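Please look over the sequence and the model below before reading on. The report that follows takes up the nonpolar cores, a pair of helices, a few individual residues and some backbone angles.

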Amino acid sequence: MTTPLLRLSGLTKAYPGVVANDDVSFDIGHGEVHALLGENGAGKSTLVKMIYGLVKPDAGHMMLNDTRFAPDKPSTARAAGIAMVFQHFSLFAALTVAENIALGMENPPKMRALAARIKEVSQQYGLPLDPLAQVSDLSAGERQRVEIVRCLLQDPKLLIMDEPTSVLTPQEVEVLFGTLRKLRTNGTSILYISHKLEEIRTLCDEATILRLGKNVGTCVPRETSAREMAELMVGTRLHQPERHTRDMGADALEVVDLSVAATSQFGTALRGVSLRVREGQILGIGGVAGNGQDELLAVLSGETLSPKGSIRFQGNDISRLDPTSRRALGVLAAPEERLGHAAAPDMSLVENACLTAATRQGLAKNGWINWGKTRQFAEDVIARFDVRTPHAQVAARALSGGNLQKFVIGREIMQDPRVLVVNQPTWGVDASAAAAIRQALLDLAAQGAAVIVISQDLDELLEITDDFAALNEGRLSVPVPTAGLTVDQIGLMLGGAHGMEQAHV
Amino acid sequence: MDWSAINPAFFIASIMVSATPLLLAAIGELVAEKTGVLNLGVEGMMITGAICGFIISVETGSPTLGFICGALGGAVLSLIFALLTQLFMANQVASGLALTLFGLGFSSMIGQGYVGIVPPDVPKLMEGADLSAFQRIALGHDAVLYIGLLIPVIVWYVLKYTRLGLVLRAVGEDHEAAHALGYKVIWIRVGAIFFGGACAGLGGAYLSLVRVPQWTDGMTAGIGWIALALVVFASWRPLFIIIGAYLFGGVTVLQLNLQAAGSTIPVEYLSMSPYVITILVLVLLSVLQKYGLLRAAAPAMLGRLFHASN
């Protein structure tokens with residue numbers, strides 16, 4: 001048997017109160033695409049941080065090409081041929097593509113030479129890029145290309161990719177997979193972290209599954225069903241959200257030809273958006289990040305006021321009402337950004353509960369807060385949505401992303417909304433929590449509420465929505481029934497491979 | 001009033017002298033802010049530099065040694081700020097204010113025996129009463145003034161064209177990302193704070209050794225605060241610092257000259273004018289940014305604390 005490229009033996013890393021990695025061992029072969037699977041908090045990030053030299057293991061060791069490999073900082077790892085594309089892009093928005101790439105290199109050439117190299121490598125791998133463009137002007141897909149090109153310029157032996165497809169359209173995913181296959185052919189190994197099981201089945205040669213920091217098994221993804229892998233990840237049988245047949249009632253919310261200018265420098269303007277949701281209906285709105293999702297949520301929630309007559313709730317004009325007045329009527333919203341938008345990071349869950357539920361749940365009277373009732377409400381949300389927290393007085397910041405997400409969505413659902421608008425309801429949430437949130441949205445619709453789900457997760461939209469519309473550069477397509485739509489059709493509705501046209505110069 | 005009382009060559013030469021302390025303090029603060037650190041202790045570091053430089057030149061008779069120790073004094077004081085904000089994660093605004101108050105008190109204490117003393121003369125490139133207008137403006141100054149003009153140019157070049165500058169800007173734009181790439185955010189910031197302190201200290205020493213030249217309690221009289229405003233005024237562009245500092249310096253000198261020439265405009269309006277201009281320029285910058293005609297240049301991480309999360 002040939003020696004593997006990288007062999008991990010008994011890697012262990014403990015943080016106060018939690019063992020992030022417990023005796024993890026596996027091999028990554030030459031030219032192999034190796035998947036690392038696991039739920040949030042399973043220890044995937046800690047493991048790759050050890051390989052990349054950001055974290056030192058407490059025990060265990062790594063062998064790179066049969067020599068001891070113990071990087072103490074990322075530059076050592078990079079020098080040894082390890083490159084990494086981060087989940088949250090480590091790009092600097094105010095700098096140019098070339099400057100960003102120079103920052104990630106040990107000995108960058110002169111800017112002009114570097115720009116030429118970037119053009120060359122990006123063409124070679126089908127990732128067109130303008131080296132002098134400022135990153136803040138690029139789409140998510142293009143930003144990812146910057147990260148990948150930065151890695152490729154160093155001729156890596158092992159490329160680590162942390163959740164690379166979460167921000168891409170299906171067509172962009174195809175482009176990315178083409179690049180990765182080309183790399184594999186050239187002998188580069190790839191460590192691919194994801195929880196999108198179908199992707200792993202099409203791309204990866206081997207998969208290692210982590211659960212609670214332990215390696216719970218390896219499999220060959222092509223020969224294993226997505227369901228089997230999911231159950232290995234979770235450790236129990238997975239609950240599939242159930243749809244109840246439900247009756248659509250009267251029109252709940254109607255938006256007519258709504259145009260709103262962008263509110264921030266890098267924002268997107270909404271252009272002639274029209275939509276209609278009925279009671280009991282779930283409308284899905286898909287689109288790649290930055291195409292007007294945040295702006296759409298803001299006009300529906302009342303954060304941004306819209307022109308008179310453009311938004312109607314049960315036939316009444318609500319376009320000039322602020323969020324509190326809309327809440328009083330039953331139009332609720334949960335924005336995407338959990339910390340800082342949906343929840344105040346340094347305030348407790350009880351205080352956060354009060355912030356959006358005060359009006360509808362009667363938690364405040366004449367300006368005085370009824371803390372007993374508020375705490376009860378927060379505890380109800382925590383109990384019903386299985387939010388893992390020691391108690392309700394914990395600061396929102398201290399919760400993991402998935403748990404806080406369950407709390408902020410649960411807080412709105414428990415207020416018995418007539419219309420609920422959610423943006424990215426299961427972003428960064430593990431599989432079982434995501435299933436619980438989706439089920440709760442389905443149940444809410446079954447009780448006769450109108451639900452608008454804005455999401456970049458197409459599987460999620462296909463799973464729970466009745467109708468689907470695509471948001472592209474601030475324009476909303478005409479909604480079509482979700483049943484019968486394929487991922488390819490949706491991809492075309494989303495505008496295909498984003499930014500490819502102008503990048504082909 | 002009598003305009004002929006104002007000699008143009010003297011007037012311009014004194015603008016340059018009057019602008020230099022401001023210029024030095026502002027360019028130092030700009031570098032710190034570029035890495036994301038808001039140090040409100042400029043006034044305290046300046047006055048510490050002023051008294052350290054003053055004492056050392058009086059005691060040794062060497063202005064050069066005085067300037068070096070002035071810069072060192074400001075830099076050492078800035079390390080207190082670095083310790084508080086970078087290692088102990090204290091709030092930058094509160095720490096900066098504390099630094100200013102501490103610097104003012106400390107300088108007043110160690111400077112008690114030095115009030116009214118005349119410091120040794122700082123040599124100039126060309127001296128004498130019979131200099132031509134050009135000589136007086138371009139060559140009739142001490143070395144520190146030219147160094148002060150050179151520093152913004154060097155800072156501009158380093159920030160724009162070198163790897164060091166790229167890393168400095170990167171840390172100020174997104175410290176998490178810079179950390180993920182393996183850059184030592186904390187130490188880069190400590191270095192920038194130290195540089196800022198040295199520049200402020202040098203500016204302070206220039207005040208007590210050249211511009212006034214004397215020691216009085218609280219002699220910086222708000223120049224450190226103007227330096228902070230100047231960084232915003234220059235929208236974090238090093239070369240604009242020169243323009244801004246000369247504008248402030250010009251108005252200050254003009255006001256003194258107008259007073260001497262018997263102007264009828266109340267002095268208060270004249271002293272107010274630099275600040276009024278700052279407000280107007282800031283409004284103008286915001287408007288330009290709103291309509292996308294100018295990119296916001298403020299470092300995204302300005303004043304934010306960085307805590308390595310692993």
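In this predicted model, the largest nonpolar core has 125 residues, and those with the most contacts inside it are Leu180(A) and Tyr192(A). The largest share of this core, 14 residues, is supplied by helix α9 of chain B, which covers residues 185–211. Separate from it there is a second core, made up of 49 residues, and among its members are Val350(A), Ile409(A), Ala433(A) and Ala470(A).

Chain B also offers a helix pair to examine. Helix α2(B), residues 42–60, and helix α10(B), residues 223–233, have axes that come within 7 Å and cross at roughly 130 degrees. Because of that angle, α2(B) is oblique to α10(B), and the crossing in which α2(B) passes α10(B) is right-handed. On the side of α2(B), the residues that take part are Val42(B), Glu43(B) and Met46(B), and they meet Ile223(B), Gly224(B), Trp225(B), Ala227(B) and Leu228(B) in α10(B). Sorted by class, this contact between α2(B) and α10(B) has 6 nonpolar residues, 1 polar residue and 1 charged residue.

Three residues of chain A can be read together with their surroundings. Leu300(A) lies in helix α9 of chain A, which spans residues 293–301, and its relative accessibility is 2%, so Leu300(A) counts as buried, the cut-off being under 20%. Not counting residues up to four places away in sequence, Leu300(A) touches Leu253(A), Val255(A), Ile311(A), Arg326(A), Val331(A), Val421(A) and Ile452(A). One of these partners, Val331(A), is 31 residues apart from Leu300(A) along the chain, and the C-alpha atoms of the two are separated by 8.2 Å.

Ser306(A) is placed in the loop between α9 and β14 (311–313) of chain A, and with 1% relative accessibility Ser306(A) counts as buried. Apart from neighbours within four places in sequence, the contacts of Ser306(A) are Leu258(A), Val260(A), Val299(A), Ile311(A), Ser319(A), Arg320(A) and Arg326(A). As for separation, Ser306(A) and Glu163(A) are 143 residues apart in sequence, and their C-alpha atoms are 36 Å apart in space.

Ser189(A) belongs to strand β8 of chain A, residues 189–193, and is buried, with a relative accessible area of 0%. When neighbours within four places in sequence are left aside, Ser189(A) is in contact with Leu5(A), Ile28(A), Gly29(A), His30(A), Gly31(A), Glu32(A), Lys157(A), Leu158(A) and Leu159(A).

The backbone angles come last. Most residues other than glycine have a negative phi. Asp66(A), by contrast, has a positive value although it is a residue other than glycine, and Glu473(A), which is not a glycine, has a positive phi as well. The table sets out the phi, the loop and the relative accessible area for these two residues.

| Residue | Phi | Loop in chain A | Relative accessible area |
|---|---|---|---|
| Asp66(A) | near 70 degrees | between β4 (59–64) and β5 (67–69) | 52% |
| Glu473(A) | about 50 degrees | between β21 (467–472) and β22 (475–476) | 43% |

With a relative accessible area of 52%, Asp66(A) is exposed, because that class begins over 50%. Glu473(A), with a relative accessible area of 43%, is partly exposed.

Conventions: Residues are numbered from 1 along each chain as its sequence is written. Chains are lettered from A and ligands numbered from 1 in the order in which they are written. This is a predicted model: local features need pLDDT of at least 70, side-chain atom pairs count only at pLDDT 80 or more; totals for chains, interfaces and linings use all residues. Side-chain values use heavy atoms; hydrogens and water are left out. Axes are lines fitted to C-alpha atoms, for helices over the stretch in contact, and angles run from 0 to 180 degrees between N-to-C directions. Helices (H or I, at least four residues) and strands (E, at least two) are DSSP runs, numbered from the N terminus. Angles under 35 degrees count as roughly parallel, over 145 as roughly antiparallel, 65 to 115 as roughly perpendicular and the rest as oblique. A crossing is left-handed if the near helix is turned anticlockwise from the far one by less than a right angle, and right-handed if clockwise. Contact means heavy atoms within 4.5 Å. Ala, Val, Leu, Ile, Met, Phe, Trp, Tyr, Cys and Pro count as nonpolar, Asp, Glu, Lys and Arg as charged, and the others, Gly among them, as polar. Buried means under 20% relative accessible area, exposed over 50%, partly exposed in between (1.4 Å probe, protein chains only). A nonpolar core is a set of buried Ala, Val, Leu, Ile, Met, Phe, Trp, Tyr and Cys residues joined through side-chain atoms within 4.5 Å.
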